[in-house]
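User: I would like to go through this model step by step. Please keep the answers short and end each one on the value or name I ask for.

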Amino acid sequence: MLTSSNSQKNIVILGGGIPGIFSALYLNKLKPECNIYLIESDEKIGGLYNSFEDRDGGIFDKGMHLIYETCIPEIDDVIRNCLPEDDWIYLAGNKKDIAGVFHDNYLEKKSPYMHINSIKNKRLKICIADFFQTIEKQAPNFRDCISAEDFFKNRFGYSLTKEIIEPVINKLWRMPLNKLHPSSTRIVLMDRLRMFSEETTSDLMKSEYMRSRIAYPDQMKLNKKYRNSQKGLYPKMFGMSNLIRGMELKLKMAKINILKNSIISSIEIEKNQIKKVKINKDNSLIDIPSIELLHSTISSSKLLPLFGKTQEKVNLDKSLVQKYLYLLLDSPPEMGGIYYFHSFQKDTKIYRVTNYSSYCPSATRNFRGKKAWPICIELHYKNKSPNIKKIISDGIHDLLKMKIIKSSESIIFTKVESAGGFPLLTLKNCAYLKETNYLLENLDLENLLIAGQAPDKGIFFLHDILENIFNLINNRNS
């Protein structure tokens with residue numbers, strides 16, 4: 001058995017994704033007198049923000065990843081300082097996040113929001129009348145709703161929800177609206193709809209009640225007064241793995257112990273304090289005593305059994321099977337200037353398409369003597385994982401349908417990678433996660449800090465998680 005010989009106080013951080021890395025670097029500033037251990041079960045740190053590298057095709061990110069600022073300098077500086085200032089691309093204002101949507105057999109490149117013009121005229125009049133009845137009240141926050149169905153009906157009315165929203169939700173999540181948690185409404189942009197011309201929309205947006213429900217027709221012309229100061233960041237040299245390497249270098253410079261291929265084996269508790277943890281690294285045990293803080297950024301369901309706690313067995317709604325299809329094209333994809341788009345159309349298998357070169361010009365590369373443009377297609381399947389041939393066929397079929405490529409002959413490289421499961425934020429799953437977090441919080445351990453995803457609190461995206469970690473750490477130290 002290996003034993004930590006250092007008599008100093010120790011901080012153990014579970015999870016080597018960006019949240020865990022941020023915690024390690026930030027706590028190192030606040031607690032320089034402590035030893036810090038970053039525990040990661042994989043052979044690499046970085047999690048989903050690490051890139052996939054193919055020997056022939058080169059580097060591809062795992063889907064669409066930008067770093068969005070929290071607008072809290074203490075957080076954003078930690079991330080930015082992991083690369084030299086000149087090694088970042090800054091995406092600001094209307095260029096922060098340029099997205100589109102495929103719906104009603106059309107790729108909309110001016111907005112990520114759906115238009116209601118797919119509804120036939122007679123039904124459209126009913127939908128509009130129904131919509132205007134909702135604006136007597138402020139558009140609801142997802143936290144104030146009991147389900148996704150409740151969220152959309154109180155935002156757009158019954159008719160628009162049935163005509164526009166419900167078919168899209170069924171396509172994206174394979175679940176009915178009334179079984180989805182309201183936090184699921186934040187994953188893709190569906191909190192607004194395009195309804196009117198630019199002139200009419202500009203006038204209507206003077207009302208806060210209307211502005212929170214309707215989308216401006218052209219995202220690049222949106223008045224900057226409706227934008228916050230948040231920026232998107234991406235490394236100039238393509239690949240989020242460049243950021244992860246910079247982060248790992250910062251961890252090493254700070255003498256933070258990085259334990260890869262490692263999991264927590266046991267926890268020793270005395271009264272209301274965690275006294276010692278045992279780490280299993282490559283089948284060798286490491287004792288870490290004198291625990292100042294055990295800080296978890298991993299799934300609460302993986303942590304709970306270590307405290308001898310169990311939950312009643314529940315048949316959770318299974319995650320969707322997610323696949324990445326990486327392609328190199330011999331010419332730019334027909335996506336205009338958008339970074340990515342979601343497919344809301346029922347008869348497509350694609351969930352999202354990302355054009356890396358739109359926000360990082362260095363993503364283009366030389367492939368076998370020819371210039372190549374990389375794209376990533378994310379496809380979701382329910383229950384069953386299809387074979388590679390089927391995934392490639394589905395992706396190419398949809399790209400041709402969407403007119404992103406003119407011919408399959410423009411594809412010069414294909415690679416399929418598994419993305420594991422895409423979480424389903426159903427009422428059942430979110431209730432289970434909430435109960436797990438509650439059980440951990442009610443252990444009343446003074447030196448345990450839980451800071452993973454908590455969809456019921458609106459903590460889902462990276463910037464949400466980082467802000468939550470920052471607040472939890474500072475509240476504990478105040």
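**Salt bridges, sheets and helices**

Analyst: In this predicted model, Glu 163 has a relative accessibility of 31% and counts as partly exposed.

User: Which residue forms a salt bridge with Glu 163?

Analyst: The side chain of Glu 163 meets an arginine side chain, with N to O at 2.9 Å. The pair links distant parts of the chain, helix α3 (residues 121-134) and helix α5, 40 residues apart. The partner is partly exposed, with a relative accessible area of 33%. It is Arg 123.

User: How many residues apart in sequence are the parts tied together by Arg 194 and Glu 108?

Analyst: The two side chains meet in a salt bridge, 3.4 Å from N to O. Arg 194 lies in the loop between α5 and α6 (198-204), and Glu 108 in strand β9 (residues 106-108). The pair therefore ties together parts whose separation in sequence is 86 residues.

User: Is Arg 194 buried or exposed?

Analyst: The cut-off for buried is under 20% relative accessible area. Arg 194 has 9% relative accessibility. Its partner Glu 108, at 10%, also counts as buried. By the cut-off, Arg 194 is buried.

User: Where do Asp 394 and Lys 390 lie?

Analyst: Asp 394 forms a salt bridge with Lys 390, and the closest N and O atoms are 3.2 Å apart. Asp 394 is buried at 8% relative accessibility, whereas Lys 390 is partly exposed at 38%. The two are four residues apart, about one turn of the helix. Both lie in helix α11 (residues 388-402).

User: Which residues are joined into one network by salt bridges that share partners?

Analyst: Side chains of opposite charge can pair when their charged atoms come close. The count of salt bridges in the model comes to 21. Those that share partners join one network, made of Glu 69, Asp 77 and Arg 80.

User: Where in helix α5 does the kink lie?

Analyst: Helix α5 spans residues 158-173 and has a kink of about 45°. The kink comes shortly before the proline Pro 167. Buried residues of α5 include Ile 164, Glu 166 and Val 168. The kink lies at Ile 165.

User: What is the phi of Arg 174?

Analyst: Arg 174 follows α5. Among the buried residues of that helix are Leu 172 and Trp 173. The phi of Arg 174 is positive, near 55°.

User: Is α3 roughly parallel or roughly perpendicular to α4?

Analyst: The axes of α3 and helix α4 (residues 148-156) come within 6 Å and cross at roughly 95°. Asp 130, Phe 131 and Thr 134 of α3 make the contact with Lys 153, Asn 154, Arg 155 and Phe 156 of α4. Angles of 65 to 115 degrees count as roughly perpendicular. The crossing angle therefore makes α3 and α4 roughly perpendicular.

User: Which strands stand at the edges of the parallel sheet of five strands?

Analyst: The sheet is open, with the order β11-β3-β2-β15-β22. Its twist averages 15° from one strand to the next. Each edge strand has a single partner strand, so one side of each is left without a neighbour in the sheet. The edge strands are β11 (257-259) and β22 (448-450).

User: Which residue of β15 stands opposite Val 12?

Analyst: Strand β2 (residues 10-14) pairs with strand β15 (residues 291-296) in the parallel sense. The two strands share five bridges. Opposite Val 12 in β15 stands Leu 294.

User: What is the order of the open sheet of three strands?

Analyst: The pairing in this sheet is antiparallel. The edge strands β6 (67-68) and β7 (88-91) each pair on one side only. β6 pairs with strand β10 (residues 232-235) over two bridges, while β7 and β10 pair over four. The order is β6-β10-β7.

User: Which residue in β10 is the bridge partner of Ile 67?

Analyst: In a regular strand the side chains alternate between the two faces of the sheet. In β10, Gly 232 and Tyr 234 are on one side, with Leu 233 and Pro 235 on the other, and all are buried. Gly 232 stands opposite Leu 91. The bridge partner of Ile 67 is Leu 233.

Conventions
Residues are numbered from 1 along each chain as its sequence is written. This is a predicted model: local features need pLDDT of at least 70, side-chain atom pairs count only at pLDDT 80 or more; totals for chains, interfaces and linings use all residues. Side-chain values use heavy atoms; hydrogens and water are left out. Two strands pair if DSSP finds at least two bridges between them. The bend at a residue is the angle between axes fitted to the seven residues ending there and the seven starting there. Buried means under 20% relative accessible area, exposed over 50%, partly exposed in between (1.4 Å probe, protein chains only). Axes are lines fitted to C-alpha atoms, for helices over the stretch in contact, and angles run from 0 to 180 degrees between N-to-C directions. A salt bridge is a side-chain nitrogen of Lys or Arg within 4 Å of a carboxyl oxygen of Asp or Glu. Angles under 35 degrees count as roughly parallel, over 145 as roughly antiparallel, 65 to 115 as roughly perpendicular and the rest as oblique. Contact means heavy atoms within 4.5 Å.
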